[in-house]
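Please work through the exercises below with the sequence and the coordinates open beside you. Each exercise sets a task and then solves it in steps.

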Amino acid sequence: AEKSFHEESARYQTLKNITERYDGYGVSIRKIMERKNDYKGIIGVVADIIHVSKEYEIAIETALGGSISNIVTDDEQNMIRFLKTNRFGRATFLPLTSIRGRRADNADRICSEAGVIGLASDLIKVERQFDNLADYLLGRVFIVDHIDNALALAKKYRYSLRIVTLEGESLNPGGSLSGGAYKNTGNLLGRHREMEELQRHVESLRKEGASLKQQINQLQSDKESNKAAIEKNTAEESKLTLHQNTVRLRLKQVDESRGEHAKSIQDISRETAQIKAQQEQIRQFKQ
C-alpha cells in the first residue's frame with residue numbers, strides 16, 4: 001500500500017508540475033500565466049476551466065481547436081501591450097464581460113437526429129459563471145457518435161452545421177471535412193482529468209495506508225498482549241507441572257506406605273490367627 005501510494009503520489013506531483021508550468025502551451029501563454037498573480041483579472045486558460053468525461057475528450061478538444069489555449073479574463077484588461085513589450089508572441093483573450101455565447105438554432109430538433117450525442121457545450125462541466133463562455137466556445141458544435149451519421153447529418157442540414165465525432169473528425173459549415181488518425185500529444189483536457197483522478201486515487205491510497213497502519217498497530221498490540229498472556233500461562237503451567245509432580249511423588253510414597261501397611265496387617269492377622277489357635281488349644285486342654 002505504501003509503495004502504491006508513493007508511486008501514485010510521484011505521478012500526481014509530476015503531472016501537477018507539468019500543469020502548473022503550462023507545458024504544451026505556447027511561449028506567450030506560459031509567460032502570461034507565470035505573471036497570473038500580478039494581474040488579478042486573469043482567470044486561466046480555457047483548458048483549466050472546462051471539465052469533461054474521458055469519452056468526450058477527443059471530440060471536445062477537436063471542437064475547441066486553438067481556443068483551448070485562449071486566456072479567460074474577468075474583464076477587458078489589456079494584456080496585449082505586455083506581450084508586445086516583452087516580445088512574447090501572440091495570445092487570444094476571452095473577457096467574460098464582452099463575449100456573448102449563442103446556442104445553435106433548432107438545437108433540440110438536431111440533437112434528436114440519429115447518432116447525435118448532444119451539443120458540445122452540454123457535454124462539459126463548468127462553474128456557473130462560465131456558462132456563457134461554454135456557449136460561446138461550444139454552443140454551436142454538435143457531437144456525433146461516428147462519421148457516417150455525421151456525414152448524413154451534414155447533408156440533411158445542407159452543410160450548415162459544425163459537427164465533430166467522438167474520434168475527432170470535424171465537419172465544418174460549407175462542407176469542409178477534417179479527419180484521419182487522431183494524434184493529440186498535448187491532451188490538455190485529459191491532463192486535468194487524469195490529475196483529478198490521480199488526486200482522488202492518492203487520497204484513497206493514503207486513507208487505505210492509514211487504515212492498514214492502524215490495523216497493524218492494533219495487531220501489534222494484540223500480539224504483545226497475547227505474548228504476555230502466553231508468558232503468564234507458561235509460568236502457571238510450570239507451577240502446575242511442579243505441583244503435579246509433587247502430588248505424583250506423594251502418591252507414590254502413599255502407595256509404598258500402603259503396601260508396607262498391608263504387609264503389616266497381614267503379619268498381624270497371621271499372628272492373631274496363631275494366638276486364637278493357641279487359645280483354642282489351651283481351652284481344650286483345660287477341659
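**Exercise 1. Find which residue of β9 stands opposite Val 164, and describe the hairpin to which the two strands belong.**

Solution. In this predicted model, the residue standing opposite Val 164 is Ser 170 in β9. Widening the view from this one position to the strands, β8 and β9 (residues 170–171) pair in the antiparallel sense, and two bridges hold the pairing. The hairpin that they form has four residues between the strands, and in this hairpin Gly 168 adopts a positive phi near 100 degrees.

**Exercise 2. Trace the connection from β7 to β8, and state how these two strands run.**

Solution. Begin with the pairing: β7 (residues 141–144) and β8 (residues 162–165) run parallel and are joined by four bridges, and Phe 142 has Ile 163 of β8 as its bridge partner. Next follow the chain, which leaves β7, passes through helix α8 (residues 147–156) and arrives at β8, making a β-α-β crossover that is right-handed.

**Exercise 3. Give the strand order of the open five-stranded sheet, then identify its edges and the helix that packs on it.**

Solution. The order is β5-β7-β8-β9-β10, and the pairing within this open sheet is mixed. The edges are β5 (116–119) and β10 (177–178), each of which pairs on one side only. At the β10 end, β9 and β10 are antiparallel and share two bridges, with Leu 171 standing opposite Leu 177 in β10. Helix α8 packs on this sheet, where it touches β5, β7, β8, β9 and β10, and the direction of the helix makes about 170 degrees with that of β8.

**Exercise 4. Determine which residues of the largest nonpolar core touch the most other members, and examine the contacts of one of them.**

Solution. The core has 39 residues, and those touching the most other members are Ile 32, Ile 60, Leu 64 and Leu 138. Taking Leu 64 as the example, and leaving aside residues up to four places away in sequence, its contacts are Val 46, Ile 50, Leu 137, Leu 138 and Leu 189. A second core, separate from this one, has 14 residues, among them Ile 110, Phe 142, Ala 150 and Leu 171. As a general background to such groupings, nonpolar side chains in soluble globular proteins tend to be buried together.

**Exercise 5. Compare the settings of Tyr 22 and Tyr 159, and say for each whether it is buried, partly exposed or exposed.**

Solution. Start with location: Tyr 22 is in the loop between α1 (2–21) and α2 (27–34), whereas Tyr 159 is in the loop between α8 and β8. For the backbone, Tyr 22 has a positive phi near 55 degrees without being a glycine, and Tyr 159, also not a glycine, has a positive phi of about 55 degrees. For accessibility, Tyr 22 is buried because its relative accessible area is 11%, under the 20% limit, while Tyr 159, at 38%, counts as partly exposed.

The structure holds one aromatic pair. Its members are Tyr 22 and Tyr 25, arranged edge-to-face at 5.5 Å centre to centre with 65 degrees between the planes; Tyr 25 is buried as well, at 7% relative accessibility.

**Exercise 6. Decide whether Arg 193 is buried or exposed, and list its contacts.**

Solution. Arg 193 lies in helix α9 (residues 188–286). Its relative accessibility is 15%, and therefore Arg 193 counts as buried. With residues up to four places away in sequence not counted, Arg 193 touches Val 52, Lys 54 and Glu 57.

Key. Residues are numbered from 1 along each chain as its sequence is written. This is a predicted model: local features need pLDDT of at least 70, side-chain atom pairs count only at pLDDT 80 or more; totals for chains, interfaces and linings use all residues. Side-chain values use heavy atoms; hydrogens and water are left out. A nonpolar core is a set of buried Ala, Val, Leu, Ile, Met, Phe, Trp, Tyr and Cys residues joined through side-chain atoms within 4.5 Å. Buried means under 20% relative accessible area, exposed over 50%, partly exposed in between (1.4 Å probe, protein chains only). Contact means heavy atoms within 4.5 Å. Two strands pair if DSSP finds at least two bridges between them. A crossover is right-handed if, with the strands pointing away from the viewer, the path from the first strand over the helix to the second runs clockwise. Axes are lines fitted to C-alpha atoms, for helices over the stretch in contact, and angles run from 0 to 180 degrees between N-to-C directions. Rings of Phe, Tyr and Trp (its six-membered ring) pair if their centres lie within 6.5 Å; planes under 30 degrees apart count as stacked, over 60 as edge-to-face and the rest as tilted.
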